[in-house]
Amino acid sequence: PKILGALINQLGLERQVFGDIILDEEGRVQFNIASHLASYAIMSITKIGKVSVTLREVSKDDWISNQENYSQSFVLLSSMRLDNVLATVLNLSRSNALKLIASGKVKLNYRQIEKANQTVMIGDMISVRGYGRFRLAQQEGFSKSGKAKIVIESLLRRRKK
């Protein structure tokens, strides 16, 4: 929380310009930020809480790997539309999936999506505030009724009350 607070308050930016904040066992912290803001962040942030910090830009090869464990499951999808995928994977009604999209709680590949008819593809990451995130990992063919058999890798959280 202190890291996110420092990023938002010291830079005066909104949460949407930052990616995930990842910590490793060595105490290093990594976050993604829009490339045009990187040098501004490096110059501006020298402390987080009471701890002095040094930010530096690293190449993609040096990124800390995200150690999240995803569980796999299978779903049958009649359509690859975002609202249908959400409803199926999260076990929601289609109207509730539409409400999540309309309220700005859904991101596709880390970008906020406002169109329910957006087509998703294998490899796409979908995150839903309050529910977690999941990736369409691979397609395993079609069912007899013509629905796509999709492997879902999910890191789902309990819905906030």
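Here are three short exercises, with worked solutions, on a predicted model.

**Exercise 1: one helix, two sides**

Find out which residues of helix 1 (residues 2–11) are buried, and work out how they are arranged around the helix axis.

*Solution.*
Step 1. Start with the cut-off: a residue is buried when its relative accessible area is under 20%. In helix 1, that gives you Ile3, Ala6, Leu7 and Leu11.
Step 2. Now think about how a helix turns. An α-helix has 3.6 residues a turn, so residues three or four places apart point the same way.
Step 3. Look down the axis of helix 1: the buried residues fall within an arc of 100 degrees, so they line one face of the helix.
Step 4. Flip to the other side of helix 1, and you'll find Lys2 and Asn9 exposed.
Step 5. What do the buried residues of helix 1 pack against? Their partners are strand 1 (18–23), strand 2 (29–33), helix 2 (38–44) and strand 3 (47–48).
Step 6. Check what follows helix 1: it's Gly12, with a positive phi near 70 degrees.

**Exercise 2: into the core**

Work out which residues touch the most other members of the largest nonpolar core, and which element gives the largest share of this core.

*Solution.*
Step 1. The largest nonpolar core has 25 residues, and Leu86, Ile126 and Phe134 touch the most other members.
Step 2. Next, see who contributes. Elements giving two or more residues to this core include helix 3, helix 4, strand 5 (71–77) and strand 9 (132–142). Helix 3 supplies the largest share, five residues.
Step 3. Zoom in on Leu86. Leaving out residues up to four places away in sequence, Leu86 touches Asn91, Ala97, Ile101, Val106, Ile126, Val128 and Phe134.
Step 4. Don't stop there: a second, separate core has 13 residues, among them Ala6, Ala41, Ile45 and Leu55.

**Exercise 3: two asparagines with positive phi**

For Asn91 and Asn109, say where each one sits and decide whether each is buried, partly exposed or exposed.

*Solution.*
Step 1. Begin with the backbone. Asn91 isn't a glycine, yet its phi is positive, near 55 degrees. Asn109 isn't a glycine either, and its phi is also positive, about 55 degrees.
Step 2. Locate them. Asn91 is in the loop between helix 3 (82–89) and helix 4 (94–102), while Asn109 is in the loop between strand 6 (106–108) and strand 7 (111–112).
Step 3. Apply the cut-off: exposed means over 50%. Asn91 has 69% relative accessibility, so it counts as exposed. Asn109, at 35%, is partly exposed.

Conventions:
Residues are numbered from 1 along each chain as its sequence is written. This is a predicted model: local features need pLDDT of at least 70, side-chain atom pairs count only at pLDDT 80 or more; totals for chains, interfaces and linings use all residues. Side-chain values use heavy atoms; hydrogens and water are left out. Helices (H or I, at least four residues) and strands (E, at least two) are DSSP runs, numbered from the N terminus. Buried means under 20% relative accessible area, exposed over 50%, partly exposed in between (1.4 Å probe, protein chains only). A nonpolar core is a set of buried Ala, Val, Leu, Ile, Met, Phe, Trp, Tyr and Cys residues joined through side-chain atoms within 4.5 Å. Contact means heavy atoms within 4.5 Å. The arc is that of the directions from the helix axis to the C-beta atoms.
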